[in-house]
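Biologist: I've got this one open on my screen and would like to walk through it with you. Can we take it piece by piece?

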Amino acid sequence: MPRFSDRVEAISISGIREVFKAAGDDAINLGLGQPDFPTPDHARQAAVDAIQSGEVDAYTSNKGTPGLRAAIAEKYARDNRFDVDPEDVIATAGGSEALHLAMEAHIEAGDEVLIPDPGFVAYDALTKLAGGTPVPIPLRDDLTLDPAAVESAITEDTAAFVVCSPANPTGAVQSADDMREFAHIADEHDVLCISDEVYERIVFDGEHHSPMAYGENVAVVNACSKTYSMTGWRLGWVTSTTDRIERMLRVHQYVQACASAPAQYAAEAALAGPQGIVDEMVSAFAERRDVLLDGLADMGLETPTPKGAFYAMPSVPDGWVDATIDRGVVVVPGDAFGANGAGHARISYAVSVETLKEALEAMREATAATR
Ligand SMILES: Cc1ncc(COP(=O)(O)O)c(C=O)c1O
């Protein structure tokens with residue numbers, strides 16, 4: 001009988017994957033967390049050129065190529081209007097690895113990590129893998145995370161808290177005031193704020209704000225995955241203060257050595273190249289969001305208006321998720337994202353308006369059947 005670590009026995013395969021298995025091959029999949037757009041041509045071409053020139057045959061520097069890290073720093077000056085030193089950036093295998101580095105470098109056995117509930121599935125699992133204890137924090141009615149709720153949950157054992165905006169699974173966007181407050185809480189209580197900003201460019205109402213603009217104890221996780229529809233390329237990054245980056249680099253060096261070199265060239269081109277495609281994608285998501293929200297409202301399902309990302313999280317009757325899947329549309333049960341997600345479903349609208357309208361018909365039938 002093989003022996004496994006308690007840490008790995010404490011986690012299981014994501015509930016999202018389980019739902020996919022339950023669906024038929026021709027189902028409409030509104031469970032996927034990836035944009036339905038191609039990666040920009042200039043990003044693909046940059047990788048092809050780098051491969052053909054032989055530049056990607058070797059390891060890059062552990063932190064990533066100077067060109068990519070400069071492009072990331074320039075992105076912060078252009079989009080976020082604060083300075084990031086390219087030396088304080090590690091290119092990673094997607095946002096997932098960046099989250100893993102932040103957790104591994106900062107969590108001791110027994111430490112608590114405050115995570116939004118419902119929240120992205122990796123926060124709970126990566127906390128446990130690092131030996132910590134996740135502490136779920138319920139959300140406000142509008143599905144944003146309340147800084148006061150975070151502050152009141154901080155104990156002597158708290159090492160970090162996670163903020164995700166725009167959020168998966170809710171589409172909620174935190175205000176500038178909230179982000180300022182999160183940064184102050186991190187500084188005041190000397191805990192790390194892990195800010196997951198992988199959806200930062202996909203905002204419909206208002207603007208994205210990063211707590212990094214307001215404080216020191218912040219590690220920002222980001223990726224090309226959603227912004228440039230590059231989920232398969234596996235390219236993300238983490239940026240923070242020099243001492244934190246040095247600790248995260250120790251982990252990265254041993255688990256990854258460096259991010260995939262072709263992906264680094266593609267990411268540099270995506271970040272430094274024309275940004276119009278991001279705007280086009282965001283307008284398409286905004287139109288689809290409205291179609292979905294109108295449809296859900298029409299069938300009497302209450303849905304806080306998502307202000308970003310490409311997810312909506314309506315309250316649904318008991319049995320609704322299964323009834324929808326039985327009618328050929330995959331949606332994810334809210335409790336896959338934490339106990340407080342129960343009674344909700346996560347619907348990804350990264351599909352065409354036509355497909356969405358077809359899916360809404362199935363949801364309408366499921367609603368009638370479960371009311
Ligand atoms: C909130 C959030 N953070 C991080 C990730 C991981 O992104 P990546 O595919 O770049 O590893 C995802 C992916 O779905 C996500 O939704």
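Modeller: Sure, here is a run of questions and answers, and keep in mind that this is a predicted model.

Biologist: Let's start big. Which residue ranges make up domain 1 and domain 2?

Modeller: The domain assignment splits the chain in two. Domain 2 takes 41-272, while domain 1 is written as two stretches, 6-39 + 276-370. The centres of these domains, taken over C-alpha atoms, are 24 Å apart. So, by the assignment, the ranges are 6-39 + 276-370 for domain 1 and 41-272 for domain 2.

Biologist: Which element gives the most to the side of domain 1 that touches domain 2?

Modeller: In the contact between the domains, 33 residues of domain 1 meet 37 residues of domain 2. On the domain 1 side, helix 11 (276-298) and strand 9 (311-312) each supply at least two residues. The top contributor there, with five residues, is helix 11.

Biologist: And how many residues on that side of domain 1 are nonpolar?

Modeller: That side also holds nine polar residues and four charged ones. The nonpolar count is 20.

Biologist: Where does the largest nonpolar core lie with respect to domain 1 and domain 2?

Modeller: That core has 116 residues, and Ala102, Val162, Val238 and Ala266 have the most contacts inside it. Helix 10 (residues 261-272) brings the largest share, eight residues. Because domain 1 and domain 2 both give residues to the core, its place is between them.

Biologist: Val162 is on that list. Which residues of strand 6 does Val162 touch?

Modeller: Leaving aside residues up to four places away in sequence, Val162 touches Val113, Leu114, Ile115, Pro116, Gly119 and Tyr123, as well as two others, Ile194 and Asp196. Strand 6 covers residues 192-196. Matching the contacts to that range gives Ile194 and Asp196.

Biologist: Is strand 6 covered on one face or on both?

Modeller: Five of the five residues in strand 6 are buried. Leu192, Ile194 and Asp196 sit on one side, with Cys193 and Ser195 on the other. With buried residues on each side, the answer is both faces.

Biologist: Does strand 6 pair with strand 5 in the parallel or the antiparallel sense?

Modeller: Strand 5 (residues 158-164) and strand 6 share five bridges, and one of the partners is Phe161 with Cys193. Together with helix 8 (residues 176-189), these strands make a right-handed β-α-β unit. The sense of the pairing is parallel.

Biologist: What about strand 7: in which sense does it pair with strand 8?

Modeller: Strand 7 (residues 218-223) pairs with strand 6 in the parallel sense over four bridges, with Ser195 partnered by Val220. Val220 is also the bridge partner of Thr239 in strand 8. Strand 7 and strand 8 (residues 236-239) have four bridges, and the sense is antiparallel.

Biologist: Why does Met179 count as buried?

Modeller: Met179 sits in helix 8 and touches Gln174, His209, Ser210, Pro211 and Tyr214, not counting residues up to four places away in sequence. The cut-off for buried is 20 or more other C-beta atoms within 10 Å. Met179 counts as buried because its C-beta neighbours inside 10 Å number 24.

Biologist: How far apart are the C-alpha atoms of Ala47 and Glu268?

Modeller: Ala47 is in helix 3 (residues 41-53), and its contacts include Pro262 and Ala266. Glu268 is 221 residues away from Ala47 along the chain. Even so, the C-alpha separation is 9.6 Å.

Biologist: Now some backbone oddities. Which prolines in the loop between strand 5 and helix 8 follow a cis peptide bond?

Modeller: The bond from Ser165 to Pro166 is cis, with omega near -15 degrees, and the bond from Asn168 to Pro169 is cis too, with omega near 15 degrees. Pro166 lies in that loop, as does Pro169. The names you want are Pro166 and Pro169.

Biologist: Last one. Is Ala257 buried or exposed?

Modeller: Ala257 lies in the loop between helix 9 (242-255) and helix 10, and its phi is near 70 degrees, a positive value in a residue other than glycine. A residue with 12 or fewer other C-beta atoms within 10 Å is classed as exposed. Ala257 has 10, so it is exposed.

Notes: Residues are numbered from 1 along each chain as its sequence is written. This is a predicted model: local features need pLDDT of at least 70, side-chain atom pairs count only at pLDDT 80 or more; totals for chains, interfaces and linings use all residues. Two residues are in contact if their C-beta atoms, placed from the backbone, lie within 7 Å. Ala, Val, Leu, Ile, Met, Phe, Trp, Tyr, Cys and Pro count as nonpolar, Asp, Glu, Lys and Arg as charged, and the others, Gly among them, as polar. Two strands pair if DSSP finds at least two bridges between them. A crossover is right-handed if, with the strands pointing away from the viewer, the path from the first strand over the helix to the second runs clockwise. A nonpolar core is a set of buried Ala, Val, Leu, Ile, Met, Phe, Trp, Tyr and Cys residues joined through C-beta atoms within 7 Å.
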